[in-house]
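Me: Here's a structure I'd like to look at with you. Can we go through how its strands sit together?

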Amino acid sequence: MKKLKLYLVFFAVIASPLSFIYADDSELLQLDSKHCVILKFSSDVKYVDFGSSAIIGERLSSEKMLKIQSSIPNFTESTLSVVTSDGGYHQFSVSYSDSPEKYVWQEEGESFSIDSIGFSYDKTTHFICDEKITDIVLGSNMIIADYAEKIDNIIKAKATESDFEETNLHLITESGYIYTFIVNPDTSPKRLSVRLSSAEDEEQSSQAIFKSNSVNDKQMNSFAKKLVEARPSLNDIGVVSSKMVFAVSGIYSYNDMLAIRFDVQNFGKIEYEMDFIKGYVRDKNTSKTTAIQEEELIPVYIYFSKAESSSILKAGESESIIMFFSRFTISANRIVFFEMFEKNGGRHLSFPITDKELLKAEALY
């Protein structure tokens, strides 16, 4: 993305046969230095004047969108002028506010959502979208975010410090949908895996979109359906606790992919709502004085056997979950842990998988 340069609108008018449409009144915008605001127009942005050096901005991958925010606190009122390719002229009156009223402005429509989330310095949060993410827009350098390796629709994010002032994060999709998150510090965030979907079928939000891989999402979807119907090949890896079963019933290998089938069963009388499943690799033996180094395993595709988008398991219900990973093995002195977290509850289940158990993976055809 290139920083926008200011051009004289006079030349734009002379060079273009467009008849300009002028707004009757200036629209009001509030900015601060800890949050950024996204402006989405119905046509490509051709000219911008920020009015003051206190306002900074840039055009995003979609040339219909601008990111703007304040470069300093408490600036005097200023203006922002934008000309779009359809001849539209937009005039904004811009003022400073510690709590801006809106973080997304759209010329038309309501193709955005706003949510709140906590970020930790020690834990990574992943966002899994149903389409490609084209832009990651951060309100401050107190948080960082980037694409999961080789995947266009999974974003990893965390805080750069343990304590920070509230900021925001925008994730913008290929279709122009804007997901906005108000971000605050949280030492133990409950949401470490967030599914994003603008479609009615939220199951599609679990499908990873690869930049390069030998197996695409359609193939993995087909494999997963077969694995759910297959007879379990493992029965000694897992945990039974709190009237819940969380276990591995099969490990499979195909080209550069590794698939793991998890079976979850609730045989208690209280329903269980799954929040997320987390996998990570760490050393088997660590002393109390040694910091534990964990390497999180990021799934590239997740399939849920239940047709409903709900993750609630009622009494007596069960579900199979197929997770695909880029193929990996571990040394004898390392171990894989998988954890399942209950949403707004305390029934967190976890179990290890050893290197020898991983090597039991069956060929997937």
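Me: In which sense do strand β3 and β9 pair?
Reply: First, this is a predicted model, where local features need pLDDT of at least 70, side-chain atom pairs count only at pLDDT 80 or more, and totals for chains, interfaces and linings use all residues. Residues are numbered from 1 along each chain as its sequence is written, and side-chain values use heavy atoms, with hydrogens and water left out. Strands are DSSP runs of E, at least two residues, numbered from the N terminus, and two of them pair if DSSP finds at least two bridges between them. Strand β3 (residues 37-40) and β9 have three bridges, and their sense is parallel.

Me: What is the bridge partner of Ile38 in β9?
Reply: Three bridges link β3, residues 37-40, to β9. For Ile38, the partner in β9 is Val104.

Me: Why is one side of β5 and of β9 left without a neighbour in the sheet?
Reply: The open sheet runs β5-β6-β3-β9, with mixed pairing. β5 (55-59) and β9 (104-106) stand at the edges, so one side of each stays free, because each has a single partner strand.

Me: Which are the edge strands of the open sheet β13-β14-β11-β17?
Reply: That one also has four strands and mixed pairing. An edge strand here pairs on one side only, which fits β13 (143-147) and β17 (193-196).

Me: In β14, what is the bridge partner of Tyr147?
Reply: β13 and β14 (residues 154-159) run antiparallel, joined by five bridges. Tyr147's partner in β14 is Ile155.
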